[in-house]
Amino acid sequence: MNVEEEILRLKDEIKRLGLPLPDGSYSVKFGTLFNDDKCTNIFEALFGTLKAAKKRKIIMFDGELLLQGVHDDVDIFLLKP
C-alpha cells in the first residue's frame with residue numbers, strides 16, 4: 001500500500017472512530033487510533049501515515065511527534081473529510 005492509499009484509509013478510520021464537529025471536520029484522540037485493533041492491522045507505521053497526512057494538510061494535531069501513552073489524549077483533526 002502506498003502513502004496515498006494509507007492516507008485514504010486513515011481518513012476512513014478517523015471518521016469511523018472520531019466525532020463529527022459542527023464545521024464538518026472530525027476529531028479523534030491519538031490513543032483511540034493507536035489502540036484500535038483494525039488500525040493496528042492496517043497501518044504498519046501509524047505515525048508515518050499521520051505525518052504524511054499532516055504535511056498534506058489533511059489532518060492537524062499539536063506537536064511534531066506523537067508517542068503512545070504520553071500523547072494518547074492529543075486530538076487529531078481530519079480537516080478534509
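**Surface, core and salt bridges**

L65 counts as partly exposed, since its relative accessibility is 45%. In this predicted model, L65 sits in the loop that runs between β3 (59–60) and β4 (75–78). Together with L67 and V70, L65 makes up a nonpolar patch on the surface, and the three residues share about 280 Å² of accessible area. A second loop residue can be set beside it: A45 is found between α3 (37–42) and α4 (46–55). A45 has a relative accessible area of 46%, which falls between the limits of 20% for buried and 50% for exposed, so A45 is classed as partly exposed. A45 and E6 are separated by 39 residues in sequence, while their C-alpha atoms lie 10.0 Å apart in space.

The interior comes next. In soluble globular proteins, nonpolar side chains tend to be buried together. Here, the largest nonpolar core holds 21 residues, and the members that touch the most other members are L10, I14, L33, L50, I59 and I76. Two or more residues of this core come from each of α1 (3–17), β2, α2 (30–35), α3, α4 and β4. Helix α4 gives the largest share, with four residues. I59 offers a useful view of this packing. Leaving aside residues up to four places away in sequence, I59 touches L10, I14, L50, A53, K54, I76, F77, L78 and L79. Several of the well-connected core members, including L10, I14, L50 and I76, are thus found among the contacts of I59.

Strand β2, which spans residues 26–29, contains S27. Is S27 buried or exposed? With a relative accessible area of 12%, S27 falls under the 20% limit and is therefore buried. Beyond residues up to four places away in sequence, S27 is in touch with G18, L19, L21, D75, I76 and F77. One of these neighbours, D75, also makes a polar contact with S27, in which the two side chains come to 3.5 Å.

Charged side chains add a further layer, with five salt bridges counted in total. Two of them involve E13. In the first, the side chains of E13 and R16 meet at 2.6 Å, N to O. E13 and R16 are three residues apart in helix α1, which means that about one helical turn separates them. Their surroundings can be told apart by accessibility: E13 is buried at 4%, whereas R16 is partly exposed at 40%. In the second, E13 pairs with K38 at 3.5 Å, N to O. This E13–K38 pair links distant parts of the chain, as E13 belongs to helix α1 and K38 to helix α3, 25 residues apart. K38 is partly exposed, with a relative accessible area of 43%.

Which parts of the chain does the salt bridge between D75 and K29 tie together? The side chains of D75 and K29 meet at 3.0 Å, N to O. Because D75 lies in strand β4 and K29 in strand β2, the pair ties together parts that are 46 residues apart in sequence. Both partners are partly exposed: the relative accessible area is 27% for D75 and 32% for K29. Elsewhere, salt bridges with shared partners join E13, R16, D36 and K38 into one network. D75 thus takes part in two side-chain pairings described here, the polar contact with S27 and the salt bridge with K29.

How values were computed
Residues are numbered from 1 along each chain as its sequence is written. This is a predicted model: local features need pLDDT of at least 70, side-chain atom pairs count only at pLDDT 80 or more; totals for chains, interfaces and linings use all residues. Side-chain values use heavy atoms; hydrogens and water are left out. Patches are made of residues with over 30% relative accessible area and no salt bridge: like charges are joined within 9 Å, nonpolar side chains (Val, Leu, Ile, Met, Phe, Trp, Tyr) within 5 Å. Accessible areas come from the Shrake-Rupley method with a 1.4 Å probe; for residues, only the protein chains shown count as cover. A salt bridge is a side-chain nitrogen of Lys or Arg within 4 Å of a carboxyl oxygen of Asp or Glu. Buried means under 20% relative accessible area, exposed over 50%, partly exposed in between (1.4 Å probe, protein chains only). A polar contact is a pair of N or O atoms within 3.5 Å; within protein, one must be able to donate a hydrogen and the other to accept it, and residues adjacent in sequence count only if both atoms are side-chain atoms. Contact means heavy atoms within 4.5 Å. A nonpolar core is a set of buried Ala, Val, Leu, Ile, Met, Phe, Trp, Tyr and Cys residues joined through side-chain atoms within 4.5 Å.
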